[in-house]
Amino acid sequence: MIKRVRYLFRGIVQGVGFRPFIYRLAVGRSLGGFVQNRAGGVVVEVEGGAAAIDGFLCDVQDQLPPHADIAGLSGEEIAPQGESVFQILASGGGEGGGVHIPADTATCPDCLRELFDPQDRRYRYPFINCTNCGPRLTIIGEIPYDRANTSMSCFPLCSQCRKEYEDPADRRFHAEPNACPACGPSLRLLEAGGRDMTAGDPVAQAAELLRGGSILALKGLGGFHLAVDAANHEAVSRLRSRKFREEKPLALMVRDVDAAARLAEVGGEERDRLLSPERPIVLARKKEGTFISPAVAPGVPDLGLMLPYTPLHHLLLAEGFFIALVMTSANQVDEPICIGNREALERLKGIADFFLMNNRDILVRCDDSIVAVSGRRSRVLRRSRGYAPKPLFLRQAFPEVLALGPQLKATLCIVKGNAAFLSPHIGDMETPQARDFYRESLAILPKIAECSPGTVACDLHPGYYTTRVAEEMQETRIIRVQHHHAHIVSCLAENGISGPVIGLAMDGTGYGSDGTVWGGEFLAASEESFERAGRLRLFRLPGGEKAIREPWRIGAALLRETYGPSWLEVAAGLKLLPEEGTGEWMEQIFRQGINSPLTSSLGRLFDGVASLLGLRRKVSFEGQAAMAVEALAVGGREEVSLSFGLGEEAGVHVLDFVPLVAGMVDALGKGRNREAIAVAFHRALSEALTAMAGKIREETGLRRAVLSGGCFQNRVLLEGCIAELEKAGFDVYTHRQVPTNDGGISLGQAVSAAARIMKNN
Ligand code: ZN
Ligand code: ZN
Ligand code: FE
């Protein structure tokens, strides 16, 4: 009995070798019919015996290509047409929705083998790729994902490449960026002034320049990198001073996992992430006594490591003489990564000595992603190249919403049906260049999600650039979502749960519902609403924004809260204040409350603690002081005991740092070592957060604890909290795929707004 069935596959099914895969399976079972890309998904019709068709469908599900992901599948039986041949049809039309743009993927083992095979026609060709690997999102100009809509459209395929591209049995069948030395993009080496100095093999030339200590700008997948030899201290320092990036850690690229393990503690999960096709930067605890320049990652506990992910990286690292290459996003401080050749020559003037360019345009800016492992689970801290624009799947379908994100570490998000499309990392909205990049992303994301929602979600903060963008949008409904509520909802969304839960939003600063500065919040929260059930005790931020750059000011505020007017003697004992006379001036600020807003921010408490421990009076980036406290705690011993107090104010639980600060000052006075104090601080905090959650559980009966906010990037704190909360009987939910920092805010905003729309309908 002959049947014919028509299937529609939705999900990540284009640009991942799905059609040749279907072709091979259908031919293998002697089925007739066709496979075709449509705007709404991939349509497959198969005709043959019922058993063969059932077997075919099982094969599809069991043997799916590595980067494909079926999000939806429907099938219907239709009339047989007497077809016994199976074919791949040219892309057709159809209504939008259902097809997801694939993410850029690291060079696959098959392509690597060819890259280093002297007999292969693509031997040492830096743009080798196939249906399983290569650029995707970063070369896309228009939808659908077809060569004509990518930056490869200006490279006509040579006859050999065309044969591969058109042969369903070939592993390059419809590999849109397919190319070879005869027809594809090529490398050029330029001097800083723009003069072409390519002679022979530009990769070998570039490697030689790096060996000599030069700074090389290198065009990659999602933008330019600046590269230097990581073992050359003078060169790394020169890069730092030229980039005005005095202390932020620089990422390293190493040849393989063994090389990574020589520099940092690489466990099983770190290893898997390093080798994953997403190839993120993996944060791992530094080892002592390596040959890496100390200027690579001063004052932080981790090194950021990644493996080569483009053919060019593989060729460069194969030159062999580097322990590691610094590979940092090519930009001036606070600006987005460069993508255009001319843009790079312009913007990197005075930073890079040489430029290794190519003529394949990058159409979508995409920074490297960052992942850290804690509690033996990997957690994405920056979701960009390799992950974006793969959607996250939600627990149910929601109405369409575009969320505009916060001010720092901004991303955008569109929720549509049961999918959430997060943009690649955009960054801090503090420079005109970053804002331009934000606008670019705002133009691209609706194409990726194939919709333009009539509702936008934004932060409550009236001064955020992203809030102003929302207000500019005509004929759009605006829904404002409180910052820490958005953090908690983002964690609900990625875990596929809805409220109510106890949300622990431990964060830097965000605009509170009452207009004050929040950041250490206990929220009884569901997707659409929340109540503030608890918070950190308030303290002043003397000088407002200035206090973020000068943590000694916060240290002073903590001492003032703890000791009253006699704080000055304690501060003198700790040598906290930078100059004579600052104490009296600070005391005046405290008395009169001038330009010193009150906050409940845990991130700022960390800054204050860092200054009391003598770690940092000033910082050059947000979170730096907190990282120093974490670094101190790593490897410290448990010899000191500290604790917070628990109180209540106006029906809200208050976590009181006064006993903690007094205990710390006391321990310092007794000459206890700072490492042990840092360990005790983390432990006290984990216990206190759990005790607070316990109080809220007593009142509300809620037993699910949801952790979010930038403070949970601190792995000592995160692991401590998970352990304490689980010991106390909570079900604990944490971030894995979405950043716990502000990179996840847009997802929370979108889902919260969508849930509110549903509730009101
Ligand atoms: Zn490949
Ligand atoms: Zn070719
Ligand atoms: Fe935040």
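"Buried" here means under 20% relative accessible area. By that yardstick Cys 161 and Cys 180 are both buried. Keep in mind that this is a predicted model.

**Two metal sites**

Those two cysteines help hold the zinc ion (ligand 2), together with Cys 158 and Cys 183. Cys 161 sits in helix H4 (residues 159–166), while Cys 180 comes from the loop between H4 and strand S6 (187–191), so the pair, 19 residues apart, links distant parts of the chain. What arrangement do the 4 donor atoms around the zinc ion make? It's tetrahedral, because the angles they subtend run from 104 to 116°. For reference, the ideal angle for four tetrahedral donors is 109.5 degrees.

The iron ion (ligand 3) gets its donors from histidine and aspartate side chains, with Asp 507 listed twice. Here's how the two sites look:

| Metal | Donor residues | Distances | Spacing in sequence |
|---|---|---|---|
| Zinc ion (ligand 2) | Cys 158, Cys 161, Cys 180, Cys 183 | 2.2 to 2.3 Å | C-x2-C-x18-C-x2-C |
| Iron ion (ligand 3) | His 483, His 487, Asp 507, Asp 742 | 2.0 to 2.7 Å | H-x3-H-x19-D-x234-D |

His 483 and His 487 both lie in helix H13 (residues 483–495), and because they are 4 residues apart, about one helical turn separates them. Both histidines are buried.

**Helix H16**

Now for a helix with two faces. In H16 (residues 567–574), Trp 567, Val 570 and Ala 571 are buried. They span an arc of only 100° around the axis, so they end up on the same side of H16. The buried residues pack against helices H15 (551–563), H17 (582–592) and H20 (658–669). Glu 569, Ala 572 and Gly 573 are exposed on the face turned away from that buried side. Right after H16 comes Lys 575, with a positive phi near 50°.

Conventions
Residues numbered from 1 in each chain as written. Chains lettered and ligands numbered in written order. Predicted model: local features only at pLDDT ≥ 70, side-chain atom pairs only at ≥ 80, totals over all residues. Heavy atoms only, no water. Donors = N, O, S within 2.8 Å, 3.2 Å for Na, K, Ca; no water. Helix = DSSP H or I, 4+ residues; strand = E, 2+ residues; numbered from the N terminus. Buried < 20%, exposed > 50% of the residue type's maximum accessible area, 1.4 Å probe, protein only. Tetrahedral: all angles 85-135°; square planar, octahedral: opposite > 155°, others 65-115°. Arc of directions from axis to C-beta. Contact = heavy atoms within 4.5 Å.
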